[in-house]
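Good morning, everyone. Please look at the screen while I talk. I will go piece by piece.

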Amino acid sequence: MIASEEGTRGGARRATFEQALEGALARRGIDLTSFCPAGDLTARRVVEEYGAMFVAAETVRVPPVCIFTSAAQVLAFQHEAGWEAAKFGADAIELQPAALNGLLAARVEARARG
């Protein structure tokens, strides 16, 4: 599905992104093939462009599919996932609570480092 290279780092084999995605989804009980059909070019593009969100921490809720087929599905997922907002400068950022907490913690760490 996703072209990527395998290599080694310090003698240890690195996983391709597709392997990491498949593993992350499996831990959530989601099959990669049903999540993002291999022959669907639009789905492939979504995974290539936004794939990192699908391997988020286990505390972040990921969608059950890579492309919703209706507005009702989107609304249901957004309702289940929940959201919170925080100000970053003049802008309000809205994310799932776990994702926002991670972002706020990263901001604190970045500020501490200068």
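Let me begin with a definition. Helices and strands here are DSSP runs, numbered from the N terminus. A helix is a run of H or I with at least four residues. A strand is a run of E with at least two. Here is a use of it: just after helix α1 comes Gly29, with a positive phi of about 80°. And please remember that this is a predicted model.

Now the overall plan. How many helices and strands does the chain have? It has five helices and four strands. In which order do they run from the N terminus on? The order is β-β-α-α-α-α-β-β-α.

A few totals next. The chain has 114 residues, and 21% of them are buried. The exposed area of the chain is about 7,900 Å². Carbon and sulfur atoms provide 54% of that area. Take the contacts with a separation of 6 or more: 35% of them join residues 24 or more positions apart.

On to the core. In soluble globular proteins, nonpolar side chains tend to be buried together. Which residues make up the largest nonpolar core here? There are 12 in all, and among them are Leu21, Leu25, Ile30, Leu32 and Phe35. The core also includes Cys36, Phe54, Val62 and Cys66. Three elements give two or more residues each: α1 (17-27), α2 (32-35) and α3 (41-50). Which of them gives the most? That is α3, with three residues.

So look at α3. Ala43, Val46 and Val47 are buried in this helix. Why do they sit on the same side of α3? Because they cover an arc of only 95° around the axis. The other side of α3 has Leu41, Thr42 and Arg45, and these are exposed. What covers the buried residues of α3? The cover includes α1.

Val46 deserves a second look. Set aside its neighbours within four places in sequence. Val46 is then in contact with Gly51, Phe54, Cys66 and Ile67.

The N-terminal end of α3 has a cap, and the cap is Asp40. A side-chain oxygen of Asp40 lies 3.0 Å from the backbone nitrogen of Thr42.

Now compare α1. Its buried residues include Leu21, Ala24 and Leu25. Their arc around the axis is only 95°, so they are on the same side of α1. Turn to the face away from that buried side, and you find Ala26 and Arg27, both exposed. The cover over the buried residues of α1 includes α2 and α3.

Next, two cysteines from the core. Cys36 has 2% relative accessibility. Buried means under 20%, so Cys36 counts as buried. Cys66 is at 11%, so Cys66 is buried as well. What about disulfides? A disulfide is a covalent bond between the sulfur atoms of two cysteines. This structure holds zero disulfides.

Last stop: the stretch around α5. Start with Gln96. Where is this residue? Gln96 sits in the loop between β4 (91-95) and α5. Is Gln96 buried or exposed? Its relative accessible area is 15%, under the 20% limit, so Gln96 is buried. The side chain of Gln96 reaches the backbone oxygen of Arg61 at 2.6 Å. Leave out neighbours within four places in sequence, and Gln96 is in contact with Val60, Arg61, Phe77, Ala81, Gly82 and Trp83.

Step into the helix. Ala98 belongs to α5, which spans residues 97-113. Its relative accessibility is 28%. That value lies between 20% and 50%, so Ala98 counts as partly exposed. Which residues does Ala98 touch, beyond those up to four places away in sequence? They are Thr59 and Val60. Ala98 and Val60 are 38 residues apart along the chain, and their C-alpha atoms are separated by 5.7 Å.

Ala99 is in α5 too. At 24% relative accessibility, Ala99 is partly exposed. Ala99 and Met53 are 46 residues apart in sequence. From C-alpha to C-alpha, Ala99 and Met53 are 10.0 Å apart.

To recap: α3 gives three residues to the largest nonpolar core, α1 is part of the cover over the buried residues of α3, and Gln96 is a buried loop residue whose side chain reaches Arg61. Thank you.

Note on methods: Residues numbered from 1 in each chain as written. Predicted model: local features only at pLDDT ≥ 70, side-chain atom pairs only at ≥ 80, totals over all residues. Heavy atoms only, no water. Buried < 20%, exposed > 50% of the residue type's maximum accessible area, 1.4 Å probe, protein only. Contact = heavy atoms within 4.5 Å. Areas by Shrake-Rupley, 256 points an atom, 1.4 Å probe, with all protein chains shown as cover. Core = buried A, V, L, I, M, F, W, Y, C linked by side-chain atoms within 4.5 Å. Arc of directions from axis to C-beta. Polar contact = N/O pair within 3.5 Å; in protein donor to acceptor, adjacent residues only side chain to side chain. Disulfide = S-S within 2.5 Å.
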